[in-house]
Amino acid sequence: VVFDPQEMLSDQPLRAFRLVANQYAPFDESLWFPDVGLGLRLWEGRFEGHPDTWLRWRDQAGEPIPTGAERAQQERHRADQERQRAERLAEQLRQLGVEPGD
């Protein structure tokens, strides 16, 4: 895989090759690697505070595999949603005359 975001080597920022009969041949444009169940894609966004074009692993649907920080953010968001849900349910119980935790 050649990641060339400034296109100094060609007019394509991302190219891949595979070894066929002792020569490198262009790889399928989808950049999907079935042996490992992952693909590659270009991604515009912020990583570790730096906005740029990045090379990202992707799933079969083309979605980027979350980084550790992205996964932690998703978990914090999920936990916040669960906490808010629990607070709403507790308030509904109080309105019915039931004290949560009793």
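**Exercise 1. Salt bridges in helix H1**

Arg-78 has a relative accessibility of 43%; classify Arg-78 as buried, partly exposed or exposed, and then do the same for Glu-75.

Solution. The classes are set by relative accessible area: buried is under 20%, exposed is over 50%, and partly exposed lies in between (1.4 Å probe, protein chains only). At 43%, Arg-78 is therefore partly exposed. Glu-75 has 42% and is partly exposed as well.

The model is predicted: local features need pLDDT of at least 70 and side-chain atom pairs count only at pLDDT 80 or more, while totals for chains, interfaces and linings use all residues. Residues are numbered from 1 along each chain as its sequence is written, and side-chain values use heavy atoms, with hydrogens and water left out.

Next, which distance joins the side chains of Arg-78 and Glu-75? A salt bridge is a side-chain nitrogen of Lys or Arg within 4 Å of a carboxyl oxygen of Asp or Glu. Arg-78 and Glu-75 form such a bridge, at 3.1 Å from N to O. Because they are 3 residues apart in helix H1, about one helical turn separates them. Helices are DSSP runs of H or I with at least four residues, strands are runs of E with at least two, and both are numbered from the N terminus.

Now take Arg-83 and Glu-87, and state their spacing in the helix. Both are in helix H1, 4 residues apart, or about one turn. Their closest N and O atoms are 3.1 Å apart, in a salt bridge. Arg-83 is partly exposed at 41%, and Glu-87 is partly exposed at 45%.

**Exercise 2. A bridge between strand and helix**

Find which parts of the chain the salt bridge of Arg-56 and Glu-70 links.

Solution. Start with the total: the structure holds 5 salt bridges. In one of them, the side chains of Arg-56 and Glu-70 meet at 2.7 Å, N to O. Arg-56 belongs to strand S7 and Glu-70 to helix H1 (residues 68-95), so the pair, 14 residues apart, links distant parts of the chain. Then compare the surroundings: Arg-56 is buried, at 8%, whereas Glu-70 is partly exposed, at 25%. Finally, Glu-91, Arg-94 and Glu-99 are linked in a salt-bridge network.

**Exercise 3. The three-stranded sheet**

Give the strand order of the open sheet of 3 strands, and say which strands stand at its edges.

Solution. The order is S5-S6-S7, with antiparallel pairing. Strand S5 (32-33) and S7 are at the edges; each has a single partner strand, so one side of each lacks a neighbour in the sheet. Two strands count as paired if DSSP finds at least two bridges between them. S6 and S7 run antiparallel and are joined by 9 bridges.

Where does Gly-45 fit in? Gly-45 is in strand S6 (residues 38-47), and its bridge partner in S7 is Asp-52. With 22% relative accessibility, Gly-45 is partly exposed. Contact means heavy atoms within 4.5 Å. Leaving out residues up to four places away in sequence, Gly-45 touches His-50, Pro-51, Asp-52 and Trp-54.

Arg-46 also lies in S6. Arg-46 is exposed, at 55%, and is in contact with Pro-51 and Trp-54, its neighbours within four places in sequence set aside.

**Exercise 4. The S3-S4 hairpin**

Describe how strands S3 and S4 pair.

Solution. Strand S3 (residues 17-20) and strand S4 (residues 23-26) pair in the antiparallel sense over 4 bridges. Phe-17 is opposite Pro-26 in S4, and Leu-19 is opposite Tyr-24. The hairpin has 2 residues between its strands, and Ala-21 takes a positive phi near 50°.

**Exercise 5. Nonpolar residues inside**

Which residues make up the largest nonpolar core?

Solution. A nonpolar core is a set of buried Ala, Val, Leu, Ile, Met, Phe, Trp, Tyr and Cys residues joined through side-chain atoms within 4.5 Å. The largest has 5 residues: Leu-14, Ala-16, Phe-27, Leu-31 and Leu-40. Among the residues that Ala-16 touches, beyond four places in sequence, are Phe-27 and Leu-31. Others that Ala-16 touches include Val-1, Ala-25 and Pro-26.
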